[in-house]
Amino acid sequence: MFKSITFRWVIQLVIIVSQIIGLLIFLRGFFPSKVVLSGFNGFYESTSPFSTSWNSPKANDSPQFDKVVVMVVDAMRTDFCFSKSYPHMSFLHELINNGHAIPFTSFSNPPTVTLPRLKGITTGGTPSFLDAILNVADDKDTSQGLSSQDSWVSQYKNLGKTINFFGDDTWLKLFPTTFTEFDGTNSFFVSDFTEVDRNVTRHLDKQLSQDAKWDALILHYLGLDHIGHKGGPNSVFMKPKLEEMDGVLKRVYDYSVQQHNDLNESVLIVLMGDHGMNDIGNHGASSPGETSASLSFISPKFSNTFNLGYTAPLDESPDYTYYSKINQIDLVPSLSGLLNFPIPKNNLGVFIPQLLKLWGSESQQRSILYENCQQFMDLFIAKYGTEEESDEYAHLWSKWHSLKESGSSVEYHYDVLYEIQQILTSSATNYDYNDIFLGFVITIVSSIAVLISYNHYFLFRNSDNVPYHLVIFVEAFAVIYSLHFHGSSLIEEEHQIWYFFTIVSAAFLASYYFKSFNKASLLYWTLFLTGIRILKAWNNSGQKYSYKVTIGSYLLNEDTDILWVLIIATYIVYSVSIFVQGGFSSCFDFLNERKGFSFDVKQAGSLISFIAIFVTSSVGLSFKICQFYNDGYVLPRYLRLVFFWIIENYGVSFKTVDNPDFKFQLQGVNTQLSRLSGYCILGLLFIRVSLGKLRKFNTGLITDVSNLITLYLIQQTKFENIPIFLVLLGIKYSAAKIISQTQPKNANIDQILLITSIFIICIQNLTFFSMGNTNSLATVDLSNAYNGILEYDVIPVGVLTFISNFVGPIYWSLASLQIIFEISKVRFEQNNDVQDLINFKFLRKSVLWVKVLITSLFYGISASNLIGSCINLRFHLFIWTVFSPKLLYFASWSILVNFLVDLILASIILFILY
Amino acid sequence: MAKVKADKKSVTFEKEDVGNDSDATGDIGDTSVPSSTNAKDSDTLKKEREEDLVIQGQIPKLKYSLLTVPYHNLLVLGGMFYYGLTEDINTVLFNGLISLISIEVIYNYVAYGNIKVTKKKKVDNTNVPLLIGGSIITSIILSIPLFVVIIIFGAPLTNYLQQTILLSLHLSVILFNPLLISFKFDLNQFLLVFKANKIYRLIFSHAVLSSSFGIIIGTWFGVVPIPLDWDRPWQQWPLTLLVGGYVGSIVGGLVSPLVTF
């Protein structure tokens, strides 16, 4: 019974499915939705503690400021505003020196991505980790809206005020019905530095005129962030952009001075970044550069009340801390105070001490802080229960009672506030331990099951002789690899681990088999090792080391001529591969019966297939050319004519790139081209498979399918990464040569499968990281996620995001089928396919079973270790910044790569298409 | 004791096998194909062991294994750290290289004297100063291919170029110089090592070979601390590899007498 292949498959499927279910249950417990209080807050006393006419009957009507302008500049790091290395915001510096501006370094809570930051800035809460993913996977999801959650925007709106908004349309997703006048700009074109901001500034003429009726004006500028993503913090575009922002600030400030003089209205200006950026201009993680956003409160009123004696610009600070450091969410209670409305219910921010001085009397200062304390305690009780239920916080309760009873000092209020804040923020999420441990147990059990199954098959069956050292090596490999999950820096630098492991595995293989290698194998080893060394040098990955010049960045930024030569070469090489490698052209030989199996130029089939392949890859190449231009790069001279020809065929006349209409038309051309290319590839696949079925001609089918899919993968790859496919082809070729040399005489299938599987796992990961990916959410690449999509739709965008980020793993997953089943094709040997495994139909099921067994052993052991590590380190400092993103990446690997691609796609190719 | 016995045996084999040498090696190549991992019967095992003994007899032997252990490497490494290796890597590595080479000359004399002379051979007329000078120069030249190998195995190319060059010079001197001395530039003799059936047993039975093996393994696993976020000065490139290589040379050299006894 144990030997029946069907029974084995059933067991294996149960194991894989339980692995996935275990992981999903764990994720559900690990990322629960957080405790959020619904409803809107009111004042705790009958009168507002914030009012300037405190304790008088008119109390609730007299705020410190009548109007507010919140100017959010995306990714405005502290040093852009305050440091001598960026002396471009001279007007802001002047305001600081005059005391009209109070500058802060505000800590923006990771994940430093726009959507969770905006939620924090408006509600005062710390974001749940899921917000970060939903920012990537994006919305249309009504649960993201904040209209039902308490925030300063809705509190202010509830006072009957008018709020206008211009800028990043993320705000409109959060507050769909709140704003009276609004204009959202989409961050669709990351390469657009000017248009997004001009679109905001053009409204200022009207908004800053006398007949504009608003009480709050929110502006969100995206250009700076785009410059960071494209060129980093030292980009040449930085200076003009900062000067532009300074100019906007000056206009708004002049308006506030005018309002003050003419109408005696005081206008508060808040100039802030929602997050910072790191050294290469990305954000999402928790490095000091990313979490240090600038924040300034600006008003002509400030100089009169208190002189803090700040000067600007300051010397550069290595940890990006300038002036005093506050939490970004401290903005929320402070705005409540300054504009006089109740503090939002879920706020975790503390009233900013420097601003407290606006209220002269100390008793009012105390009552302001007391309001803040009361709001905190409500939240505390909602989370931990009343005094009787939360006895582990008895210390805090006693402090709270002493605060309530005696009129304590301002300092004591702050002491209590910071303590509650500490407790509430450190456990922003309550883990669901039932789910966590259930998931853990299921994962462990399925891993033990797969271990038993693996060892039973390879070691205790005795019918087939697999070298035991290989069997043990694979197990040791999985165990040693997965130990790295217990160290945060090892997760960050995982690309190093994979490079090391690939070389170690290769050396292990070499040390056992080098006697069976001949002189030629030296050539293949050199090709193989050089190939993976080039891979390593292609992009930066990880947090610790980043090189200024990598192959990818050189090609993209310094020498697009060579880049495009390489891209065209890649297209040509893969087109030729489709033509000669598999059985594609032979499929079309209707006229003459196939003799032998070599392609003959004189045959009609060759001509037809050549034309079909040529057209398909030309369409793909044209799409890439258009996309390159559309992303704001300069096309090489020799491609410009091609580009003009393409757009002329679509009836678009060339204008400058700044012209919005032209850009819109180009976008349309891009969409059509990318769809056309996709359909062409799909068509070729369909023709190949159906011809194969009709004519019973399946030689080289796997190779054809994987080559055609590779054409699509190339289309979904970033420009600078496309030439990597040339390297990958070299690695695949040399690996196939090396693997077939490990057994010169009698083929031992299990041995081939062990070697191939471990090689594929290594090279999948290595390629993944060498394409610039990391284990941090900051590097999720969205530049190819919208290819061929007109309107945002979560499913196609999600699928395309997955494909464009996992190009390497998908490529190698298909390559593994090739190496296992059609190794002669990978070696470009046309007539030597007698020994290929694909010819032994009865073996297919068991071969795939063994391969799945090996990979699920690897993923099972890794999952157990990762989950164990996350449970063990759940209170670790880096749990949200390092471990949680890794968990999500691992889930993608395990579910999408291992299950969907390695198993489902492979089964479709082997059992349905064949 | 066991070693002496083996030596005697090999001496007796040496004469008969000279003529059959090419055939024998051809056989070894075929029988060692790993796909034939059937349980070997005692005859083949015996045969393999005898073949290994032949090879062991043909490579140079040492008088005292413990004498060839490169103890001075520890001195050089310690000295470099004493003179501030972590502060100024390039200068100290260069100065350390000069000291290493001068100590290595003395070591070469010791190592040369430690080679066992087979009595069957003619009078040894080696030009010792030429051998020693040649081996130093050759090991410096061999640092170029070693550099290429280090780069291919993942060392940074654009940054830290000087450090990587100095690393390969250091490793090349401590790796190749003892080998060149003990094998007296005889490449064929050296290649015999790779024809053994139990290659690791052979390597660990020879102090110089196992010391070299220790350098390779030590350097290789010296990369492990690099990604850790401890941010210590000794984590800089290429210090971990250098330490791994140096320590590996001594550990490897010391392991060999342990294994053989």
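**A walk through chain A**

Start by selecting F107(A) and N327(A): F107(A) stands opposite N327(A), which sits in β8(A). Keep in mind as you click around that this is a predicted model.

Now widen the selection to the strands around that pair. Strand β2(A) covers residues 101-107, and β8(A) covers 324-327. The two run parallel and are joined by four bridges.

Next, add β7(A), residues 292-298. Here the pairing with β2(A) is antiparallel, over seven bridges. To see one of those partnerships, pick T105(A), whose bridge partner in β7(A) is S294(A).

Stay on β2(A) and show what surrounds it. How many of its seven residues are buried? Six are, so the strand is largely enclosed by the rest of the structure.

Then jump to helix α10(A), residues 223-231. Colour its buried residues: G223(A), L224(A), D225(A), H226(A), I227(A) and G228(A). What do they pack against? Switch on β1 (67-73), α8 (195-201), β5 (216-221) and α11 (238-263) of chain A, and you have the partners. Just past the helix, click G232(A), which takes a positive phi of about 80°.

Finally, zoom out to the whole chain. Chain A has 37 helices and eight strands. Its radius of gyration is 31 Å, close to the 29 Å that the globule rule gives for 914 residues, so chain A is as compact as a globular protein of that length. The C-alpha trace spans about 100 × 70 × 45 Å along its principal axes. Buried residues account for 48% of the 914. Of the contacts between residues at least 6 apart in sequence, 76% link residues at least 24 apart.

Notes
Residues numbered from 1 in each chain as written. Chains lettered and ligands numbered in written order. Predicted model: local features only at pLDDT ≥ 70, side-chain atom pairs only at ≥ 80, totals over all residues. Rg over C-alpha atoms; globule rule 2.2 N^0.38 Å. Buried ≥ 20, exposed ≤ 12 C-beta atoms within 10 Å, placed from the backbone. Contact = placed C-beta atoms within 7 Å. Pairing = 2+ DSSP bridges.
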